[in-house]
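Thank you all for coming; I would like to walk you slowly through one structure this morning. Please have a look at it on the screen before I begin.

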Amino acid sequence: MHWSSDEAVPAADLQALREGVILHGRQQAQGSDARDIACAVHDEDGTLLAGACGRTEFERLYIDYLWVHPDRRGEGLGGDTLRRLEAQALRRGCRDALVETLLDEAAAIYEHLGYACIAHVHDFVPGFTRHTLLKVWRPRD
């Protein structure tokens with residue numbers, strides 16, 4: 001056997017580890033219907049102004065990233081982006097949506113947009129709280 005650590009572990013091996021854990025979990029849960037989901041908006045020059053991505057699985061939207069160009073923040077573009085992603089998820093039959101953030105301000109915005117904080121870990125990263133938020137469209141049994 002040969003051990004490797006840190007930078008000596010090839011990127012392909014790291015990807016294989018991630019995929020192996022995800023596959024194992026999905027085999028345990030059974031019935032996974034995971035699909036990537038995304039939306040983006042660009043200006044007339046093609047510059048990315050905002051976007052969001054994640055996946056839908058088990059009738060839930062998992063939001064990985066939502067980003068707005070720094071010059072366009074505070075204009076409602078983030079909320080518009082989120083609503084578009086949610087609409088796509090609803091068309092796929094999702095019952096709810098889950099998002100996590102380390103920013104108190106972002107958590108407050110999600111709450112304003114109908115999400116409820118279901119968990120938080122203070123000092124998850126020094127000086128930051130990890131907020132887990134859920135928005136329910138159709139309750140689960």
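Let me start with the cysteines. A search of the whole structure finds 0 disulfides, where a disulfide is taken to be a pair of cysteine sulfur atoms within 2.5 Å. Cys-53 is in no disulfide, and the nearest cysteine sulfur, belonging to Cys-39, lies 9.1 Å away. Why is Cys-94 not bonded either? Its sulfur is 14 Å from the closest cysteine sulfur, which is in Cys-39, and that is too far for a bond. As for accessibility, Cys-94 is buried, with a relative accessible area of 3%, whereas Cys-53 is partly exposed at 30%; buried here means under 20% relative accessible area, exposed means over 50%, and partly exposed is in between, using a 1.4 Å probe and protein chains only.

I should say at once that this is a predicted model, in which local features need pLDDT of at least 70 and side-chain atom pairs count only at pLDDT 80 or more, while totals for chains, interfaces and linings use all residues. Residues are numbered from 1 along each chain as its sequence is written, and side-chain values use heavy atoms, with hydrogens and water left out.

Now to the strands and helices, which are DSSP runs numbered from the N terminus, with helices being H or I of at least four residues and strands being E of at least two. Strand β2, residues 48-57, runs antiparallel to strand β3, residues 60-68, and 8 bridges join them; two strands are said to pair if DSSP finds at least two bridges between them. Within that pairing, Gly-51 has Trp-67 of β3 as its bridge partner. The two strands form a hairpin with 2 residues between them, and Phe-58 in the turn has a positive phi of about 55°.

On β3 we also find Asp-64, which is partly exposed at a relative accessible area of 44%. Leaving aside neighbours within four places in sequence, Asp-64 is in contact with Cys-53 and Gly-54, contact meaning heavy atoms within 4.5 Å.

β3 has another partner, for 4 bridges join β3 to strand β4, residues 96-101, and these two run parallel. Leu-61 stands opposite Ala-97 in β4. Between β3 and β4 the chain passes through helix α2, residues 77-91, in a right-handed β-α-β crossover, a label that applies if, with the strands pointing away from the viewer, the path from the first strand over the helix to the second runs clockwise.

What does α2 pack against? Its buried residues, among them Leu-82, Leu-85 and Glu-86, pack against β1, β2, β3, α3 and β6, the last of these being residues 128-136. Just after α2, Gly-93 takes a positive phi of about 95°.

That brings me to the largest nonpolar core, which has 17 residues, and in which Leu-61, Ile-63, Leu-85, Tyr-110 and Tyr-115 touch the most other members. Such a core is a set of buried Ala, Val, Leu, Ile, Met, Phe, Trp, Tyr and Cys residues joined through side-chain atoms within 4.5 Å. At least two residues of this core come from each of β1 (35-42), β3, α2, β4 and α3 (104-112). If you would like one residue to follow on the screen, take Tyr-115, which, not counting residues up to four places away in sequence, touches several residues, including Ile-63, Leu-82, Ala-97, Val-99 and Tyr-110.
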